[in-house]
Amino acid sequence: MAAVPVLKFSNGKSMPVFGLGTWQSPKGEVAEAVKAAIACGYRHIDCAWAYGNEAEVGQAIKAKIDDGTVKREDLFITTKLWNTFHRPDLVEGAMKDSLERLGLSYVDLYLMHWPVAFKEMELLVEKGFTKSIGVSNFNSEQLQRLLQTEGLKYAPVTNQVEVNPYILNNKLISFCREKGIAITAYSPLGSSDHPAFRSDAAFRRLFDEPSLQELGKKYGKTVAQVVLRWGLQRDTIVIPKSVTPSRIKENFQVFDFQLTEEEMNVVSALDRNFRACAFDVTSKSQYYPFHIEF
Ligand SMILES: NC(=O)c1ccc[n+]([C@@H]2O[C@H](COP(=O)([O-])OP(=O)(O)OC[C@H]3O[C@@H](n4cnc5c(N)ncnc54)[C@H](OP(=O)(O)O)[C@@H]3O)[C@@H](O)[C@H]2O)c1
């Protein structure tokens, strides 16, 4: 089985460019999804305390280690600090709670799920709970502020943000690249089960886009595979979520074809700056990241 390409972070550590998303993966299904993913070659799993399913993810990881498919060090596990634990005295406890649920002694990457505070997370690297730390949903101003923090020891290695053909996020991507911060593209398939798509008929689901269907036909690939390939060719790390074993396998078969520059542009032309994951309930917070352009 060919290894997944990796992307090297600014701190010298590497992350597989393809991972399994687990948001909205229900208990009772997520363990099977993680096992199916590891069995077909995924080595990177994207988790979060807030997804409420870390324990099941952990059981699946243990099962695949116990049956000899992988060793712990073959896997790249990300999880995230939730917003209710940003007070400095709560950070380590939240990290330990995630580790306990996952059944792990360390994670490879710990992200601040939404932009609030970062300093305390540095200690988690020093204590060996995580190999790297990063952020999620930070806009450029918040990143700039973070990077200018006096005495910052560990710059965030990645910013995990929404990127798919409906939201290219080009300016934020350029900004991050200039600062040596890798981009992890969440909702890489447009989060098609997101409530926004159910209530807003004006938005076509990515899977129904004729231009993507046509590209799929040309390469004998599905729309999901075309979109994921596009994400990889933009040097973003993609973490599609699925609890359907056949889709988990399908999504992974994207390393055997290449879109031309012109075809990349066809996919990018679908941009409409549409955010599936606007997390409006926090829009009154002073830290809400989406009030500025990028
Ligand atoms: N940091 C953050 O704030 C944040 C926010 C959002 C997401 N994320 C992370 O990013 C991951 C991915 O994003 P997402 O879950 O929003 O959405 P996504 O991966 O863009 O889309 C997931 C949806 O697509 C379906 N799907 C998957 N593969 C498919 C295929 N080959 N054909 C047709 N449908 C397919 C899945 O259905 P089935 O599962 O039923 O197969 C699910 O409904 C999350 O799970 C999470 O780990 C992070």
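**Exercise 1. The largest cavity**

Task: Find the volume of the largest cavity, then describe its lining.

Solution: Let's begin with the space itself.
- Step 1. In this predicted model, the largest cavity has a volume of about 80 Å³.
- Step 2. Its lining is made up of 13 residues. Nearest the centre of the largest cavity are Phe 138, Asn 139, Leu 172, Arg 275 and Phe 290.
- Step 3. Sorting that lining by class gives seven nonpolar, three polar and three charged residues.

**Exercise 2. The second largest cavity**

Task: State how many cavities of 30 Å³ or more a search of the whole structure finds, and work out which helix gives the largest share of the lining of the second largest cavity.

Solution: Take the count, then the lining.
- Step 1. The search turns up two cavities of 30 Å³ or more.
- Step 2. The second largest cavity holds about 30 Å³ of space.
- Step 3. Residues that line the second largest cavity include Val 163, Asn 164, Ala 185 and Pro 188. Val 227, Leu 228, Trp 230 and Gly 231 are also among them.
- Step 4. Helix H9 spans residues 223-233, and H9 provides the largest share of this lining, four residues.
- Step 5. By class, the lining of the second largest cavity has seven nonpolar residues, three polar ones and no charged ones.

**Exercise 3. The largest pocket**

Task: Give the volume of the largest pocket, and say which helices each supply at least two residues of its lining.

Solution: Now we move from cavities to pockets.
- Step 1. The largest pocket contains about 870 Å³ of space. It is lined by 46 residues, with Trp 23, Gln 24, Ser 187, Ser 191 and Asp 193 closest to its centre.
- Step 2. Helices H9 and H10 each contribute at least two residues to this lining. The largest share, three residues, belongs to H10.
- Step 3. The lining of the largest pocket divides into 21 nonpolar, 16 polar and nine charged residues.

**Exercise 4. The ligand and its shell**

Task: Locate the ligand among the pockets, then list its polar contacts with Thr 22, Trp 23 and Gln 160.

Solution: Place the ligand, then look around it.
- Step 1. The ligand sits in the largest pocket.
- Step 2. There are 30 residues around the ligand, and those that come nearest are Asp 46, Leu 189, Ser 191, Ser 242 and Thr 244. Ser 191 is also one of the residues closest to the centre of the largest pocket.
- Step 3. Polar contacts are pairs of N or O atoms within 3.5 Å. One ligand oxygen atom lies 3.1 Å from a polar backbone atom of Thr 22. For Trp 23, a polar backbone atom is 2.8 Å from an oxygen atom of the ligand. The side chain of Gln 160 has an N or O atom 3.0 Å from a ligand nitrogen atom.
- Step 4. On its own, the ligand has 910 Å² of accessible area, and the protein covers 93% of it.
- Step 5. Helix H10 (residues 245-252) supplies the largest share of the shell, three residues. The shell as a whole has 11 nonpolar, 13 polar and six charged residues.

**Exercise 5. The second largest pocket**

Task: Describe the volume and the lining of the second largest pocket.

Solution: One more pocket to go!
- Step 1. The volume of the second largest pocket is about 220 Å³.
- Step 2. Of its 16 lining residues, Pro 16, Glu 73, Asp 74, Leu 75 and Phe 76 lie nearest the centre.
- Step 3. Strand S2 (residues 14-16) gives the largest share of this lining, three residues.
- Step 4. The lining of the second largest pocket sorts into nine nonpolar, two polar and five charged residues.

How values were computed. Residues numbered from 1 in each chain as written. Predicted model: local features only at pLDDT ≥ 70, side-chain atom pairs only at ≥ 80, totals over all residues. Heavy atoms only, no water. Near = heavy atom within 4 Å. Polar contact = N/O pair within 3.5 Å; in protein donor to acceptor, adjacent residues only side chain to side chain. Areas by Shrake-Rupley, 256 points an atom, 1.4 Å probe, with all protein chains shown as cover. 1 Å grid on protein atoms, 1.4 Å probe; cavity = no way out; pocket = protein on both sides within 12 Å on 5 of 7 lines; lining within 4 Å. Sits in = over half its atoms within 2 Å of the grid points. Nonpolar A, V, L, I, M, F, W, Y, C, P; charged D, E, K, R; others polar. Points joined across faces, edges and corners; volume = space filled by probe spheres on them.
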